[in-house]
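User: I would like a close look at one part of this protein, with enough of the whole to place it. Please treat the structure below.

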Amino acid sequence: MSELVPGGNVPLPAGTLTIRVPGPFDVSALITDDSGKVRGDADFVFYNQPTVPGARLAGEHLTIDPPRLRSGASRVTVVVSPADPGTPLGRLPAPTLHVTGPGGHTLARFTPPRPQRETVLLLAEIYRRGTAWKLRALGQGYADGLAGIARDFGVEVVEDAAEGDPAPVAAPDPDGFLDLVNSVRAAAGSPPVSLDARLASAARAHASDMAARGLLSSENAHGISVYQRITSAGYAYLTVGEHLVSGPRTPGEFVEYCLTTEQSRDTLYNPAYSQAGLAYVHDQRSGDMYWTALWARPFTHGGLRRTAGEVVALTNAERAAEGLAPLAVDAPLTTAAQAHSDDMVARAFYSHTSPDGSRPWDRAAIAGSSRRTIGENIACGQRSPAEVVRGWMNSPGHRANILKPDFTHIGIGLAGGGTAGTYWTQLFGR
């Protein structure tokens, strides 16, 4: 048996190979040709598509018969992810790959360096050299989950559109939920939403966790929030909302429940949302039904610019009401503000001081700003420019920054996916 290190390889015998990664992990595989790109959906092996030519997934066992792979296939990449979607691999035992050959003979084992924030790991690849096949240890992780894998393996993901949103990834409509929702949204004057498979996947994982624990919560037992589940499913958003509910028995009852309070109705009616995902899971012990509905507008670069522009306009409206001059948008301040919002999501903190000790003026200088005076407002969890500016204005310290006469320039950053949802940064300079 070979104990592999990253980059190490071992020749494989003829016959069927069995791959196993014990522990709280899901194993899947991507089948590619010499280009390293998939041809389409039939090149994925995972729990919803367990069998393709030459590969089969049964429980935690993935079997590969290289000669039987589809025509042109020259590589099978083994992917491991947490069984509980959204959980960073660093919170789990290190995954260990076990590879056996015909007759159950152990061929190789590989334990990669312990992952940290990564939520998906390329563990190994089986590849063809001439007429023979070999196994290579990898250990490449992705903190952006399935989106990173989709990018590198040629799955087409539309990140931006000229005038609108990315094309949705269609999801089935459970029990006519979409018609129910769009009917009440239309009555409130809001545009329709479409169902997105990534949002539905995140909703299903969260509803299953709540049902298993018998507890309504925005986080699982490991502190992974419903928002982090969304980004781990490969969905980047500009704004997001959720309904976490127990009790209703049907989608119709669920929608009726969502109309009972002002806050819940506001989420259901919110015209900013364009996509949704729904899941409900039965708790066998209590008999309760646990529901998760997710609402979002997907990220686009144009949408980011428009949202930041709304924050600037609302900020300048507050200054105008006090007789103050408007703030001009400043590129270095914008770069620094966006970097700080991204960093708070990526490194899971919420502070004016970064984990490396840098402060707002340090970050502004790194971004190329020469402003002599720097001020910063941050916020998390707000779902719109109006909500975040209102929150800042209701806080004396943040209000003082917005209304400081000396400030002349501003930069805005926002990023979604952390524990609290959306993280906002407002950077001022003179």
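How much accessible surface does the chain have, and what share of it belongs to carbon and sulfur atoms? Please then turn to the largest cavity and describe its lining.

Analyst: The model is a predicted one. The accessible surface of the chain amounts to about 19,000 Å², and carbon and sulfur atoms hold 52% of that area.

Beneath the surface, 48% of the 430 residues in the chain count as buried. The chain contains 11 helices and 21 strands. Its C-alpha trace extends over about 80 × 55 × 40 Å along the principal axes. The radius of gyration is 24 Å, which agrees with the value near 22 Å that a compact globule of 430 residues would have. Among contacts with a separation of 6 or more, 70% are between residues 24 or more positions apart.

Within this setting, the search of the whole structure finds 1 cavity of 30 Å³ or more. The volume of the largest cavity is about 40 Å³. Its lining is formed by Tyr 227 and Val 240, together with Gly 381, Gln 382 and Arg 383, and also Ala 420, Gly 421 and Thr 422. By residue class, the lining of the largest cavity comprises 3 nonpolar, 4 polar and 1 charged. Tyr 227, Val 240 and Ala 420 are the nonpolar residues of this lining, because Tyr, Val and Ala count as nonpolar. Arg 383 supplies the charged one, since Arg counts as charged. Gly 381, Gln 382, Gly 421 and Thr 422 are the polar members of the lining, Gly being counted as polar here.

Definitions and conventions:
Residues are numbered from 1 along each chain as its sequence is written. This is a predicted model: local features need pLDDT of at least 70, side-chain atom pairs count only at pLDDT 80 or more; totals for chains, interfaces and linings use all residues. Side-chain values use heavy atoms; hydrogens and water are left out. On a 1 Å grid over the protein atoms alone, a cavity is a set of points where a 1.4 Å probe fits but cannot get out, and a pocket is an open set with protein on both sides within 12 Å along at least five of seven lines; lining residues have an atom within 4 Å of a point. Grid points are joined across faces, edges and corners, and a volume is the space filled by probe spheres set on the points. Helices (H or I, at least four residues) and strands (E, at least two) are DSSP runs, numbered from the N terminus. The radius of gyration is taken over C-alpha atoms; the globule rule is 2.2 Å times the number of residues to the power 0.38. Buried means under 20% relative accessible area, exposed over 50%, partly exposed in between (1.4 Å probe, protein chains only). Contact means heavy atoms within 4.5 Å. Accessible areas come from the Shrake-Rupley method with a 1.4 Å probe; for residues, only the protein chains shown count as cover.
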